[in-house]
Amino acid sequence: MLDKNSRKIDYLRISVTDLCNLRCIYCRPEQGLDLFKRSEILDFEEICVVAQHGVKLGINKFRLTGGEPLARKGIESLVEQLADIEGVDEVAMTTNGILLKDFAQILKKAGLARINISLDTMRPDKFAEITRGGNLRDVFLGIEQAEKSGFTNLKLNVVTMAGVNDDEIEDFARLTLEKEIEVRFIELMATRNRKKLDHAGFLSTEDAIRKIKKIGNLVPAFAKKGNGPAKRFQLEGAKGTLGFINAVTNPFCGTCNRLRLTSDGKLRSCLLKGGEVDVKSIIRADYNDAQNNGPTMRRDKLLTDAFYKAANMKPSYHEGSDKVIMYQVGG
Ligand code: SAM
(Lines give C-alpha, C1' and ligand atoms only; values in the text may rest on other atoms or scores of the structure.)
Protein backbone atom coordinates (compact mmCIF):
# COMPACT_ATOMS: atom_id res chain seq x y z
CA MET A 1 0.00 0.00 0.00
CA LEU A 2 1.32 3.43 -0.94
CA ASP A 3 0.22 6.61 0.80
CA LYS A 4 -0.38 9.90 -0.98
CA ASN A 5 3.32 10.73 -0.68
CA SER A 6 4.24 7.40 -2.31
CA ARG A 7 5.60 5.99 0.94
CA LYS A 8 5.27 2.24 1.05
CA ILE A 9 3.31 1.22 4.15
CA ASP A 10 4.24 -2.30 5.22
CA TYR A 11 4.56 -2.09 9.00
CA LEU A 12 1.88 -2.02 11.70
CA ARG A 13 2.69 -1.29 15.32
CA ILE A 14 0.03 -2.75 17.54
CA SER A 15 -0.55 -1.40 21.03
CA VAL A 16 -2.13 -4.24 22.99
CA THR A 17 -2.79 -2.41 26.25
CA ASP A 18 -2.42 0.95 27.93
CA LEU A 19 -1.52 -0.78 31.21
CA CYS A 20 2.10 -0.90 32.32
CA ASN A 21 4.00 -2.29 35.29
CA LEU A 22 6.28 0.79 35.33
CA ARG A 23 5.56 4.49 35.46
CA CYS A 24 8.44 6.08 33.59
CA ILE A 25 8.78 9.76 34.32
CA TYR A 26 8.60 10.77 30.64
CA CYS A 27 5.70 8.51 29.76
CA ARG A 28 3.16 8.30 32.57
CA PRO A 29 2.01 10.78 35.17
CA GLU A 30 2.71 9.96 38.79
CA GLN A 31 -0.98 9.92 39.55
CA GLY A 32 -4.26 10.17 37.74
CA LEU A 33 -3.87 7.84 34.78
CA ASP A 34 -6.54 8.05 32.17
CA LEU A 35 -6.96 4.36 31.31
CA PHE A 36 -9.32 2.69 28.84
CA LYS A 37 -12.17 0.54 30.13
CA ARG A 38 -11.75 -3.19 29.52
CA SER A 39 -14.64 -3.15 27.04
CA GLU A 40 -12.93 -0.42 25.01
CA ILE A 41 -9.84 -2.55 24.37
CA LEU A 42 -9.72 -4.77 21.29
CA ASP A 43 -9.66 -8.49 22.04
CA PHE A 44 -7.15 -10.71 20.24
CA GLU A 45 -9.66 -11.86 17.67
CA GLU A 46 -10.42 -8.25 16.77
CA ILE A 47 -6.73 -7.35 16.58
CA CYS A 48 -6.22 -10.29 14.23
CA VAL A 49 -9.07 -9.18 11.97
CA VAL A 50 -7.39 -5.79 11.52
CA ALA A 51 -3.94 -7.37 11.19
CA GLN A 52 -5.10 -9.88 8.59
CA HIS A 53 -6.71 -7.14 6.61
CA GLY A 54 -3.51 -5.13 6.78
CA VAL A 55 -1.60 -8.08 5.36
CA LYS A 56 -3.97 -8.19 2.39
CA LEU A 57 -3.00 -4.56 1.75
CA GLY A 58 0.75 -5.16 1.99
CA ILE A 59 1.62 -5.06 5.71
CA ASN A 60 4.24 -7.74 6.42
CA LYS A 61 5.63 -6.76 9.80
CA PHE A 62 3.99 -6.30 13.18
CA ARG A 63 5.44 -4.95 16.39
CA LEU A 64 3.59 -5.37 19.68
CA THR A 65 3.88 -2.50 22.09
CA GLY A 66 1.81 -0.67 24.67
CA GLY A 67 1.63 0.17 27.63
CA GLU A 68 3.57 -2.96 28.45
CA PRO A 69 2.74 -5.79 26.03
CA LEU A 70 3.79 -8.48 28.51
CA ALA A 71 1.22 -7.11 30.95
CA ARG A 72 -1.53 -8.27 28.60
CA LYS A 73 -2.71 -11.72 29.66
CA GLY A 74 -2.14 -14.45 27.07
CA ILE A 75 0.05 -12.24 24.86
CA GLU A 76 1.86 -15.33 23.54
CA SER A 77 -1.36 -16.49 21.93
CA LEU A 78 -1.61 -13.21 19.99
CA VAL A 79 2.01 -13.56 18.91
CA GLU A 80 1.27 -17.03 17.64
CA GLN A 81 -1.85 -15.98 15.75
CA LEU A 82 -0.10 -13.03 14.12
CA ALA A 83 2.98 -15.06 13.19
CA ASP A 84 0.71 -17.65 11.57
CA ILE A 85 -0.88 -15.19 9.15
CA GLU A 86 0.31 -16.02 5.66
CA GLY A 87 2.44 -13.23 4.24
CA VAL A 88 3.78 -12.04 7.61
CA ASP A 89 7.58 -11.81 7.67
CA GLU A 90 8.04 -10.83 11.26
CA VAL A 91 6.33 -10.27 14.59
CA ALA A 92 8.46 -8.24 16.99
CA MET A 93 7.93 -6.69 20.43
CA THR A 94 9.05 -3.64 22.40
CA THR A 95 9.04 -4.31 26.14
CA ASN A 96 10.44 -2.88 29.34
CA GLY A 97 11.80 -6.37 30.05
CA ILE A 98 10.49 -6.63 33.62
CA LEU A 99 8.52 -9.81 32.89
CA LEU A 100 10.77 -11.10 30.16
CA LYS A 101 12.53 -13.68 32.32
CA ASP A 102 9.22 -15.58 32.56
CA PHE A 103 8.14 -14.98 28.97
CA ALA A 104 11.22 -15.18 26.75
CA GLN A 105 11.05 -18.89 26.06
CA ILE A 106 7.28 -18.89 25.63
CA LEU A 107 7.49 -16.00 23.17
CA LYS A 108 10.24 -17.67 21.18
CA LYS A 109 8.09 -20.78 20.88
CA ALA A 110 5.10 -18.68 19.86
CA GLY A 111 7.05 -17.28 16.91
CA LEU A 112 8.27 -13.90 18.11
CA ALA A 113 11.19 -12.91 15.89
CA ARG A 114 12.80 -10.00 17.69
CA ILE A 115 12.73 -8.07 20.95
CA ASN A 116 13.59 -4.46 21.71
CA ILE A 117 14.10 -3.75 25.40
CA SER A 118 13.74 -0.26 26.79
CA LEU A 119 16.46 0.53 29.29
CA ASP A 120 17.56 4.06 30.13
CA THR A 121 20.07 3.37 32.88
CA MET A 122 22.25 0.58 34.22
CA ARG A 123 22.18 1.89 37.79
CA PRO A 124 19.59 0.34 40.12
CA ASP A 125 18.79 3.50 42.09
CA LYS A 126 18.41 5.59 38.96
CA PHE A 127 16.30 2.88 37.33
CA ALA A 128 13.94 2.95 40.31
CA GLU A 129 13.78 6.72 40.00
CA ILE A 130 13.11 6.86 36.23
CA THR A 131 10.56 4.05 36.32
CA ARG A 132 9.11 5.09 39.69
CA GLY A 133 9.82 1.84 41.48
CA GLY A 134 11.15 -0.68 38.93
CA ASN A 135 13.78 -3.27 39.80
CA LEU A 136 16.70 -3.21 37.35
CA ARG A 137 17.63 -6.80 38.23
CA ASP A 138 14.41 -8.02 36.62
CA VAL A 139 15.41 -6.41 33.32
CA PHE A 140 18.91 -7.90 33.42
CA LEU A 141 17.44 -11.35 34.14
CA GLY A 142 15.01 -10.79 31.27
CA ILE A 143 17.81 -9.93 28.85
CA GLU A 144 19.77 -12.99 29.97
CA GLN A 145 16.75 -15.23 29.49
CA ALA A 146 16.03 -13.74 26.06
CA GLU A 147 19.58 -14.56 24.97
CA LYS A 148 19.31 -18.08 26.40
CA SER A 149 16.02 -18.58 24.59
CA GLY A 150 17.70 -17.89 21.26
CA PHE A 151 16.77 -14.28 20.58
CA THR A 152 19.60 -12.76 18.60
CA ASN A 153 19.80 -9.21 17.38
CA LEU A 154 18.50 -7.81 20.70
CA LYS A 155 18.11 -4.06 20.77
CA LEU A 156 18.28 -1.82 23.80
CA ASN A 157 16.29 1.41 23.50
CA VAL A 158 17.81 4.22 25.53
CA VAL A 159 15.95 7.52 25.77
CA THR A 160 18.67 10.14 26.24
CA MET A 161 17.96 12.70 28.94
CA ALA A 162 20.23 15.52 30.01
CA GLY A 163 20.67 15.54 33.77
CA VAL A 164 19.34 11.98 34.05
CA ASN A 165 21.39 9.50 32.01
CA ASP A 166 23.76 11.67 29.96
CA ASP A 167 26.58 10.36 32.16
CA GLU A 168 25.90 6.80 30.96
CA ILE A 169 25.92 7.26 27.17
CA GLU A 170 29.51 6.03 26.90
CA ASP A 171 28.76 3.03 29.18
CA PHE A 172 25.83 2.02 27.00
CA ALA A 173 28.00 2.36 23.90
CA ARG A 174 30.71 0.21 25.52
CA LEU A 175 28.20 -2.64 25.91
CA THR A 176 28.42 -3.17 22.16
CA LEU A 177 32.16 -3.83 22.29
CA GLU A 178 31.69 -7.40 23.52
CA LYS A 179 28.01 -8.05 22.92
CA GLU A 180 26.27 -8.59 19.61
CA ILE A 181 23.45 -6.21 20.42
CA GLU A 182 22.28 -2.88 19.10
CA VAL A 183 22.07 0.00 21.54
CA ARG A 184 19.73 2.65 20.18
CA PHE A 185 19.71 6.17 21.49
CA ILE A 186 16.34 7.87 21.16
CA GLU A 187 15.73 11.57 21.55
CA LEU A 188 13.25 12.50 24.24
CA MET A 189 9.98 13.55 22.67
CA ALA A 190 7.66 16.18 24.07
CA THR A 191 4.62 14.13 24.95
CA ARG A 192 1.88 15.28 27.26
CA ASN A 193 3.56 13.97 30.41
CA ARG A 194 7.08 14.87 29.40
CA LYS A 195 5.98 18.48 29.26
CA LYS A 196 5.72 18.56 33.01
CA LEU A 197 9.23 17.24 33.60
CA ASP A 198 11.65 19.75 34.87
CA HIS A 199 14.64 17.57 35.70
CA ALA A 200 14.90 15.59 32.43
CA GLY A 201 16.36 17.81 29.77
CA PHE A 202 16.76 17.23 26.07
CA LEU A 203 19.95 15.62 24.78
CA SER A 204 20.27 15.46 21.02
CA THR A 205 21.61 12.57 19.00
CA GLU A 206 24.44 14.84 17.97
CA ASP A 207 25.43 15.38 21.61
CA ALA A 208 25.26 11.63 22.25
CA ILE A 209 27.48 10.94 19.23
CA ARG A 210 29.96 13.55 20.41
CA LYS A 211 30.25 11.76 23.76
CA ILE A 212 30.68 8.35 22.15
CA LYS A 213 33.39 9.59 19.80
CA LYS A 214 35.50 10.24 22.87
CA ILE A 215 35.76 6.49 23.53
CA GLY A 216 36.44 5.28 19.99
CA ASN A 217 36.06 5.73 16.26
CA LEU A 218 32.58 5.46 14.86
CA VAL A 219 32.25 3.67 11.54
CA PRO A 220 29.04 3.14 9.54
CA ALA A 221 27.36 -0.20 10.22
CA PHE A 222 26.03 -2.42 7.46
CA ALA A 223 22.27 -2.41 7.03
CA LYS A 224 20.46 -5.35 8.58
CA LYS A 225 16.89 -6.50 8.33
CA GLY A 226 14.59 -4.64 10.70
CA ASN A 227 16.79 -1.60 11.23
CA GLY A 228 13.95 0.84 10.91
CA PRO A 229 14.65 4.54 11.21
CA ALA A 230 17.90 4.35 13.18
CA LYS A 231 21.12 5.73 11.70
CA ARG A 232 23.59 3.01 12.50
CA PHE A 233 27.26 3.01 13.39
CA GLN A 234 29.76 0.81 15.18
CA LEU A 235 32.61 1.52 17.49
CA GLU A 236 35.58 0.29 15.53
CA GLY A 237 36.17 -3.38 16.36
CA ALA A 238 32.89 -3.75 18.28
CA LYS A 239 30.68 -6.83 17.98
CA GLY A 240 27.48 -4.87 18.30
CA THR A 241 26.10 -1.71 16.73
CA LEU A 242 24.83 1.69 17.75
CA GLY A 243 21.63 3.20 16.43
CA PHE A 244 20.54 6.81 16.67
CA ILE A 245 16.94 7.86 16.31
CA ASN A 246 16.71 11.61 16.08
CA ALA A 247 12.96 11.70 16.22
CA VAL A 248 13.06 15.33 17.31
CA THR A 249 16.01 16.99 15.57
CA ASN A 250 15.60 15.14 12.28
CA PRO A 251 12.39 13.07 12.05
CA PHE A 252 12.41 10.19 9.58
CA CYS A 253 9.00 11.10 8.12
CA GLY A 254 10.20 10.86 4.51
CA THR A 255 10.82 7.13 4.84
CA CYS A 256 8.18 6.32 7.44
CA ASN A 257 6.55 3.00 6.53
CA ARG A 258 4.26 2.52 9.51
CA LEU A 259 0.73 2.72 10.75
CA ARG A 260 -0.34 2.15 14.33
CA LEU A 261 -3.26 0.31 15.85
CA THR A 262 -4.13 1.68 19.29
CA SER A 263 -5.36 -0.66 22.00
CA ASP A 264 -8.82 0.91 21.78
CA GLY A 265 -9.09 0.19 18.09
CA LYS A 266 -7.98 3.25 16.15
CA LEU A 267 -5.75 3.11 13.13
CA ARG A 268 -3.36 5.94 13.69
CA SER A 269 -1.36 7.59 10.97
CA CYS A 270 1.63 8.86 12.98
CA LEU A 271 2.93 8.69 16.54
CA LEU A 272 2.88 12.43 17.01
CA LYS A 273 0.78 14.13 14.36
CA GLY A 274 -1.88 13.18 11.83
CA GLY A 275 -5.25 11.63 12.46
CA GLU A 276 -6.89 8.40 13.49
CA VAL A 277 -9.61 6.21 11.99
CA ASP A 278 -11.86 4.17 14.23
CA VAL A 279 -11.76 0.53 13.13
CA LYS A 280 -13.33 -0.90 16.27
CA SER A 281 -16.74 0.34 15.21
CA ILE A 282 -16.25 -1.37 11.84
CA ILE A 283 -15.28 -4.67 13.44
CA ARG A 284 -17.99 -4.59 16.08
CA ALA A 285 -20.83 -3.56 13.77
CA ASP A 286 -23.49 -6.05 12.85
CA TYR A 287 -23.60 -6.41 9.07
CA ASN A 288 -26.40 -8.94 8.94
CA ASP A 289 -28.64 -6.44 7.27
CA ALA A 290 -25.97 -5.40 4.78
CA GLN A 291 -27.69 -4.87 1.47
CA ASN A 292 -25.36 -5.54 -1.35
CA ASN A 293 -22.49 -7.94 -1.14
CA GLY A 294 -23.08 -9.66 2.19
CA PRO A 295 -21.56 -8.97 5.59
CA THR A 296 -17.94 -9.98 5.03
CA MET A 297 -17.49 -8.01 1.85
CA ARG A 298 -19.09 -4.97 3.40
CA ARG A 299 -16.74 -5.12 6.39
CA ASP A 300 -13.74 -5.75 4.15
CA LYS A 301 -14.55 -2.71 2.06
CA LEU A 302 -14.86 -0.51 5.16
CA LEU A 303 -11.56 -1.82 6.54
CA THR A 304 -9.77 -1.19 3.26
CA ASP A 305 -11.12 2.35 3.22
CA ALA A 306 -10.00 2.82 6.83
CA PHE A 307 -6.43 1.67 6.07
CA TYR A 308 -6.15 4.01 3.09
CA LYS A 309 -7.70 6.87 5.00
CA ALA A 310 -5.21 6.43 7.86
CA ALA A 311 -2.28 6.08 5.42
CA ASN A 312 -3.29 9.24 3.60
CA MET A 313 -3.53 11.14 6.87
CA LYS A 314 0.18 10.54 7.44
CA PRO A 315 1.78 13.96 7.54
CA SER A 316 4.63 14.54 5.08
CA TYR A 317 6.58 15.91 7.99
CA HIS A 318 5.95 16.61 11.66
CA GLU A 319 7.61 18.87 14.10
CA GLY A 320 6.57 16.93 17.17
CA SER A 321 3.55 17.25 19.34
CA ASP A 322 3.16 17.87 23.02
CA LYS A 323 -0.32 16.36 23.09
CA VAL A 324 0.36 12.70 22.45
CA ILE A 325 -0.15 10.24 25.31
CA MET A 326 2.54 7.68 24.57
CA TYR A 327 1.12 4.83 26.66
CA GLN A 328 -2.21 5.10 24.83
CA VAL A 329 -0.83 5.31 21.31
CA GLY A 330 1.97 2.81 21.89
CA GLY A 331 5.52 4.13 21.61
N1 SAM B 1 6.38 -0.76 27.77
C2 SAM B 1 7.13 -0.99 26.58
C3 SAM B 1 8.54 -0.46 26.74
O4 SAM B 1 8.86 0.11 27.78
O5 SAM B 1 9.33 -0.65 25.82
C6 SAM B 1 6.50 -0.47 25.30
C7 SAM B 1 5.83 0.86 25.33
S8 SAM B 1 6.90 2.25 25.56
C9 SAM B 1 5.74 3.58 25.43
C10 SAM B 1 7.78 2.24 24.02
C11 SAM B 1 8.98 3.12 23.94
O12 SAM B 1 8.58 4.45 23.98
C13 SAM B 1 9.99 2.92 25.07
O14 SAM B 1 11.25 2.63 24.50
C15 SAM B 1 10.01 4.26 25.75
O16 SAM B 1 11.26 4.57 26.26
C17 SAM B 1 9.60 5.18 24.62
N18 SAM B 1 9.08 6.46 25.08
C19 SAM B 1 8.05 6.71 25.91
N20 SAM B 1 7.89 8.03 26.09
C21 SAM B 1 8.86 8.64 25.36
C22 SAM B 1 9.24 10.01 25.13
N23 SAM B 1 8.59 11.00 25.71
N24 SAM B 1 10.27 10.24 24.29
C25 SAM B 1 10.96 9.23 23.70
N26 SAM B 1 10.64 7.93 23.87
C27 SAM B 1 9.62 7.64 24.69
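**Close-up views of helix packing and the ligand site**

**View 1. Packing of helices α3 and α5.** In this predicted model, helix α3 (residues 100-110) and helix α5 (residues 136-148) cross at roughly 20°, and their axes come within 7 Å. Angles under 35 degrees count as roughly parallel, and α3 and α5 are therefore roughly parallel to each other. The crossing formed by α3 and α5 is right-handed.

**View 2. Packing of helices α1 and α2.** Helix α1, spanning residues 44-56, packs against helix α2, spanning residues 75-83, at an angle of about 25°. The axes of α1 and α2 lie 10 Å apart. Because of this angle, α1 is roughly parallel to α2. The handedness of the crossing between α1 and α2 is right-handed.

**View 3. Packing of helices α6 and α7.** Helix α6 (residues 169-178) and helix α7 (residues 205-213) have axes 9 Å apart and pack at an angle of about 65°. Angles of 65 to 115 degrees count as roughly perpendicular, so α6 is placed roughly perpendicular to α7. Where α6 passes α7, the crossing is right-handed.

**View 4. Residues around the ligand.** The ligand is surrounded by 17 residues, of which Y26, G67, E68, S118 and M189 come nearest. By residue class, the shell around the ligand comprises five nonpolar, ten polar and two charged residues.

**View 5. Polar atoms facing the ligand.** Two residues present polar backbone atoms to nitrogen atoms of the ligand. For G67, the distance from a polar backbone atom to a ligand nitrogen is 2.9 Å. For M189, a polar backbone atom lies 2.8 Å from a nitrogen atom of the ligand. The side chain of S118 contributes an N or O atom that is 2.5 Å from an oxygen atom of the ligand. Taken alone, the ligand exposes 550 Å², and the protein buries 94% of that area. The elements that give two or more residues to the shell around the ligand are strands β3 (90-95) and β5 (155-162).

Methods: Residues are numbered from 1 along each chain as its sequence is written. This is a predicted model: local features need pLDDT of at least 70, side-chain atom pairs count only at pLDDT 80 or more; totals for chains, interfaces and linings use all residues. Side-chain values use heavy atoms; hydrogens and water are left out. A residue is near a molecule or strand if one of its heavy atoms lies within 4 Å of it. A polar contact is a pair of N or O atoms within 3.5 Å; within protein, one must be able to donate a hydrogen and the other to accept it, and residues adjacent in sequence count only if both atoms are side-chain atoms. Accessible areas come from the Shrake-Rupley method with a 1.4 Å probe; for residues, only the protein chains shown count as cover. Helices (H or I, at least four residues) and strands (E, at least two) are DSSP runs, numbered from the N terminus. Ala, Val, Leu, Ile, Met, Phe, Trp, Tyr, Cys and Pro count as nonpolar, Asp, Glu, Lys and Arg as charged, and the others, Gly among them, as polar. Axes are lines fitted to C-alpha atoms, for helices over the stretch in contact, and angles run from 0 to 180 degrees between N-to-C directions. Angles under 35 degrees count as roughly parallel, over 145 as roughly antiparallel, 65 to 115 as roughly perpendicular and the rest as oblique. A crossing is left-handed if the near helix is turned anticlockwise from the far one by less than a right angle, and right-handed if clockwise.
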